[in-house]
Amino acid sequence: MPNNDCVLSIRLIRSFEHRNLRFLPVRAVDLNLTTEQLMKIILENVKTSSVPPPFKKYEFDTLKIEHQAHGAKTNNPVMNCENDDTLMLKPGLTLMEQNVRNETELAFFKRSDYEAYLSTTSRQN
């Protein structure tokens with residue numbers, strides 16, 4: 001498949017604690033885009049989509065690979081909380097450099113909320 005005709009599934013996570021999330025497909029994505037460029041495209045799509053207004057005003061700032069097409073999924077209903085160092089998309093790198101492929105599912109969330117969620121789940125275990 002050409003690098004400029006990929007479909008990504010974006011998991012918008014507004015609340016980890018309350019499992020408040022919505023899915024947003026983003027079509028015709030060029031894998032030569034950087035992380036920042038993809039975030040801008042997603043935010044533009046959120047504003048014009050049918051997601052509830054709280055999602056449209058939320059300050060998403062981090063992307064993480066949730067899973068690849070035909071790959072194993074996590075048992076956590078909100079998102080994969082493992083391998084943050086390799087799965088979080090880094091600024092300045094292209095999607096291709098970070099192993100994003102067609103039909104990859106990405107979680108889009110606020111980093112500070114994710115870190116708070118991690119600290120509460122680690123205390124429960």
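User: I'm new to this structure. Is Asn83 buried, partly exposed or exposed?

Analyst: Welcome! Keep in mind that this is a predicted model. To read burial, look at the relative accessible area: under 20% is buried, over 50% is exposed, and what lies between is partly exposed. Asn83 comes out at 46% relative accessibility, so it counts as partly exposed. You will find Asn83 in the loop between E3 and helix H3 (84-87). Its backbone is worth a look too: Asn83 has a positive phi of about 55° although it is not a glycine.

User: Which other residue, not a glycine, has a positive phi, near 65°?

Analyst: That is Glu103, whose phi is near 65°. Glu103 sits in the loop between H3 and E4. With 46% relative accessibility, Glu103 counts as partly exposed.

User: How confident is the prediction along the protein chain, and where is confidence lowest?

Analyst: Begin with the mean, then go element by element. The protein chain has a mean pLDDT of 88, and 86% of its residues reach 70 or more. Confidence is lowest in helix H4 (residues 111-124), with a mean of 84, and highest in H1, with a mean of 96.

User: Now the sheet, please. What is the order of its strands?

Analyst: Read the order across the sheet, which need not follow the numbering. Here an open sheet of 4 strands is ordered E2-E1-E4-E3, and the pairing is mixed. At the edges are strand E2 (20-29) and strand E3 (62-67), each pairing on one side only. From one strand to the next, the twist averages 30°.

User: How does E1 pair with E2, and how with E4?

Analyst: Compare the direction of the two strands in each pair. Strand E1 (residues 6-15) pairs with E2 in the antiparallel sense, over 8 bridges. Try finding Leu8, which stands opposite Val26 in E2, and then Ser9, whose bridge partner in E2 is Pro25. E1 and E2 form a hairpin with 4 residues between them, and Arg19 in the turn has a positive phi of about 55°. E1 and E4, on the other hand, run parallel and are joined by 4 bridges. On that side, Leu12 has Phe108 in E4 as its bridge partner.

User: How many residues of E1 are buried?

Analyst: A useful general idea is that side chains in a regular strand alternate between the two faces of the sheet. In this structure E1 is mostly covered, with 7 of its 10 residues buried.

User: What lies across the sheet?

Analyst: Helix H1 (residues 35-48) lies across E1, E2, E3 and strand E4 (105-109), and runs at about 115° to E2. Met39 is a good residue to follow in helix H1. Because its relative accessibility is 17%, Met39 counts as buried. Leaving aside neighbours within four places in sequence, Met39 is in contact with Asp61, Thr62, Leu63 and Phe108. Just before H1, in the loop between E2 and H1, lies Thr34. At 19% relative accessibility, Thr34 counts as buried. Beyond residues up to four places away in sequence, Thr34 touches Gly92, Leu93 and Thr94.

User: Which residues have the most contacts inside the largest nonpolar core?

Analyst: That core has 25 residues, and those with the most contacts inside it are Ile10, Leu12, Ile42, Leu95 and Leu106. E1, E2, H1, E3 and E4 are the elements that give two or more residues to this core. Another core, of 9 residues, lies apart from it and includes Phe16, Leu21, Met79 and Tyr117.

User: How many aromatic pairs are there, and how do I read one?

Analyst: There are 6 aromatic pairs, and the angle between the ring planes tells you the type. Tyr58 and Phe60 are edge-to-face, 5.0 Å centre to centre with 70° between the planes. The rings of Phe60 and Phe108 have centres 5.1 Å apart and planes at 20°, so this pair is stacked. Phe60 lies in the loop between helix H2 (53-57) and E3, and Phe108 in strand E4, so the pair ties together parts that are 48 residues apart in sequence. Phe60 and Phe108 are both buried. Ring pairs also link Phe16, Phe109, Tyr114 and Tyr117 into a cluster.

Technical notes. Residues are numbered from 1 along each chain as its sequence is written. This is a predicted model: local features need pLDDT of at least 70, side-chain atom pairs count only at pLDDT 80 or more; totals for chains, interfaces and linings use all residues. Side-chain values use heavy atoms; hydrogens and water are left out. Two strands pair if DSSP finds at least two bridges between them. Axes are lines fitted to C-alpha atoms, for helices over the stretch in contact, and angles run from 0 to 180 degrees between N-to-C directions. Contact means heavy atoms within 4.5 Å. pLDDT is the predictor's confidence in each residue, from 0 to 100. A nonpolar core is a set of buried Ala, Val, Leu, Ile, Met, Phe, Trp, Tyr and Cys residues joined through side-chain atoms within 4.5 Å. Buried means under 20% relative accessible area, exposed over 50%, partly exposed in between (1.4 Å probe, protein chains only). Rings of Phe, Tyr and Trp (its six-membered ring) pair if their centres lie within 6.5 Å; planes under 30 degrees apart count as stacked, over 60 as edge-to-face and the rest as tilted.
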